[in-house]
Amino acid sequence: MSTFNVELKKVVDDSYEIEIGYDLKNKLVSDLEKGLIGNIKKIAVITDSNVRDLYAKEICEAIVDAGYSLDLFVFAAGEKSKTRETKAKIEDAMLEKGYRRDCAILAIGGGVVSDLAGFLAGTFARGVPFINYSTTLLSAADASVGGKTAVDTPLATNLIGLFNQPRKVYIDIETWKSLPQRELHSGMAETIKHACIRSNEMFLFLEQNMEDIYALKKFPCEYITENNCQIKYQVVMKDELESGLREILNLGHTVGRAIETVSDYRLLHGEAVSIGLAAEVLLAARLGYMSEEEADRVIALCQKAGLPTRIPEYIDREALVRKLYTDKKVRDGKLRFVLQKGIGDVVEFGPNVYSTPIEESVAREIIMEL
Ligand SMILES: O=C(O)C(=O)C[C@@H](O)[C@H](O)[C@H](O)COP(=O)(O)O
Ligand SMILES: [Zn+2]
């Protein structure tokens with residue numbers, strides 16, 4: 001018998017730029033021309049039915065004018081499309097059109113588009129480069145940065161996917177003007193989450209400037225975008241694969257994700273996260289990590305942002321408690337929660353440990369009250 005050692009030590013540089021601005025299609029084209037995706041000349045553009053006419057077609061025209069060949073792959077807008085089936089349909093369509101390894105993927109849209117397209121890019125022909133062009137506040141605040149890509153299945157959200165970093169992220173603030181109010185509010189939930197975990201100053205800013213942000217005034221929109229990105233990438237740079245610190249980005253998501261699924265996606269992601277934040281500050285206050293006043297401030301800010309903070313009547317609360325167990329932080333069958341410490345910080349339970357086991361009875365109590 002013989003033993004061979006397959007030496008495959010890797011030094012990987014997945015660094016990338018996030019560009020924040022207004023109408024960034026020309027910047028995207030000039031980056032392509034400067035070699036953002038090397039010599040690749042064939043681009044599969046993935047978008048949804050809302051974004052196609054609003055922005056994707058125009059961006060595609062600019063890319064084609066610069067000498068690239070591309071096809072537009074469009075799926076029905078909404079979280080319900082973030083499935084293996086949608087991914088497979090696009091993959092088949094790409095294969096039929098002759099896409100092979102010499103292509104790149106451009107995701108134009110919000111979180112659903114970048115999650116699905118990023119996952120597809122990571123598995124198509126064993127991995128091709130992808131670029132995110134973000135057109136929603138939710139993806140600007142969160143989904144477009146950090147490389148978490150996935151699809152949902154009937155049993156759980158985001159459990160089938162990859163960590164796959166984009167080549168570059170373009171955050172086009174101009175596009176927020178076409179967002180329905182509900183979508184804008186949904187993106188604010190991730191923004192509030194970032195303030196809760198990392199910045200008391202940003203929290204104060206949100207308390208004082210919510211109206212101006214929603215009026216899409218330049219300074220406050222740029223302020224939240226830059227702060228969101230900085231908070232997120234500083235966490236991701238330290239713990240890309242969520243072995244510890246990255247769990248703090250999941251604040252509000254233990255309950256939030258479960259509500260989102262049990263609502264059968266009647267609640268938008270941010271709406272569910274807002275209810276999750278409310279549940280989790282009540283829990284943190286009960287366990288003595290924050291004062292009742294601080295918990296009330298978080299709930300009041302979510303309400304000011306036009307977000308729900310109570311579990312809707314139509315949600316089956318027992319089903320919700322059961323759904324908590326599909327969370328990725330569950331270990332040895334135990335629910336684990338990230339908990340806020342005051343405002344702008346989280347509890348570190350041990351070296352590099354940011355979530356703690358919570359008895360189901362305690363979580364149930366909060367859920368029944370909310
Ligand atoms: O980037 C992260 O890490 C996050 O947890 C950010 C979340 O806001 C985002 O919704 C993420 O997709 C949730 O991840 P999951 O692992 O709970 O599915
Ligand atoms: Zn989220």
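This dialogue goes through the ligand site, a pocket and the cavities of a predicted model.

Me: Before we look at ligand 1, which conventions apply to numbering and to the model?

Reply: Residues are numbered from 1 along each chain as its sequence is written, while chains are lettered from A and ligands numbered from 1 in the order in which they are written. This is a predicted model, in which local features need pLDDT of at least 70, side-chain atom pairs count only at pLDDT 80 or more and totals for chains, interfaces and linings use all residues, and side-chain values use heavy atoms, with hydrogens and water left out.

Me: Which residues come nearest to ligand 1?

Reply: A residue counts as near if one of its heavy atoms lies within 4 Å of the molecule; of the 13 residues around ligand 1, D142, N158, K232, R246 and K328 come nearest. By class the shell has one nonpolar, four polar and eight charged residues, where Ala, Val, Leu, Ile, Met, Phe, Trp, Tyr, Cys and Pro count as nonpolar, Asp, Glu, Lys and Arg as charged, and the others, Gly among them, as polar.

Me: Where does ligand 1 lie with respect to the domains?

Reply: Domain bounds come from an automatic or database domain assignment, and because domain 1 (17-178) and domain 2 (182-369) both give residues to the shell, ligand 1 lies between them.

Me: How is empty space in the protein found?

Reply: Rolling a probe the size of a water molecule over the atoms shows where empty space is left. On a 1 Å grid over the protein atoms alone, a cavity is a set of points where a 1.4 Å probe fits but cannot get out, a pocket is an open set with protein on both sides within 12 Å along at least five of seven lines, and lining residues have an atom within 4 Å of a point. Grid points are joined across faces, edges and corners, and a volume is the space filled by probe spheres set on the points.

Me: What volume has the second largest pocket, and which residues are closest to its centre?

Reply: The second largest pocket holds about 350 Å³ of space, and of its 17 lining residues V128, P129, N164, Q165 and R167 are the closest to its centre. Its lining has seven nonpolar, five polar and five charged residues.

Me: How many cavities are there, and what lines the largest?

Reply: The count comes to three cavities of 30 Å³ or more, and the largest has a volume of about 40 Å³. Its lining includes S114, D115, F130 and N164, and divides into three nonpolar, six polar and two charged residues.
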